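Q: I'm new to this one, so could you put the structure up and walk me through it?

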Amino acid sequence: MPEDERDSERFQEALQLAQHYRELHAHENNLTNHRFQWFALMTGLLAATYGLLWEFKSTAEIPMLTISAFGFLVSLSATLSAIFTARAHAQIGDSYKMVFKARNHPVSAPIRGCVYRPQWRFFLPWNFIYPLFTLFWIGMGICVVTCSCPE
């Protein structure tokens, strides 16, 4: 087999493999999108219910504490989900590099030869919104117990 045909086959195999890994990343992104929508819907409904019950706080302390506890669990679940999604993306990337190296495919260089991973990336909103809402629901539970009833 001529050298050009072997290079062409290796190139096609590398393209198919890269497409497979892109699909894995796209699947994880899709899951993240669905999880965030679920989180936002649940948090909004719980906060609206909590707000409606605040007027009747003197008789609705137990339901309000239940809503706070459920909101805490929803936020904690979303936080853990975000952590596991970040790990999944990292594992997919590591697997991609390992497979390409093992098959001796040409390594695709990042744009301009640099890897863009700023140190402030942890302060982006999608990295702290779930823990922030976890603390919010803890605060709402404390508020039910310590704040005086509306008049």
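A: Leu-73, Leu-76, Leu-80, Ile-83 and Phe-84 make up a nonpolar surface patch, together with about 440 Å² of accessible area. This is a predicted model, where local features need pLDDT of at least 70 and side-chain atom pairs count only at pLDDT 80 or more, while totals for chains, interfaces and linings use all residues. Residues are numbered from 1 along each chain as its sequence is written, and side-chain values use heavy atoms, with hydrogens and water left out.

Q: What makes a patch here?
A: Its residues have over 30% relative accessible area and no salt bridge (a side-chain nitrogen of Lys or Arg within 4 Å of a carboxyl oxygen of Asp or Glu), and nonpolar side chains (Val, Leu, Ile, Met, Phe, Trp, Tyr) are joined within 5 Å, like charges within 9 Å. Areas come from the Shrake-Rupley method with a 1.4 Å probe, and for residues only the protein chains shown count as cover.

Q: Where is Ile-83?
A: Ile-83 sits in helix H2, residues 61–102, helices being DSSP runs (H or I, at least four residues) numbered from the N terminus.

Q: And is Ser-81 buried or exposed?
A: Ser-81, also found in helix H2, is buried at 16% relative accessible area, where buried means under 20%, exposed over 50% and partly exposed in between (1.4 Å probe, protein chains only). Ile-83 is partly exposed, at 38%.

Q: Switching topic, which of the H3 residues are buried?
A: In H3, the buried residues are Tyr-130, Thr-134, Trp-137, Gly-141, Cys-143 and Val-144.

Technical notes. Helices (H or I, at least four residues) and strands (E, at least two) are DSSP runs, numbered from the N terminus.
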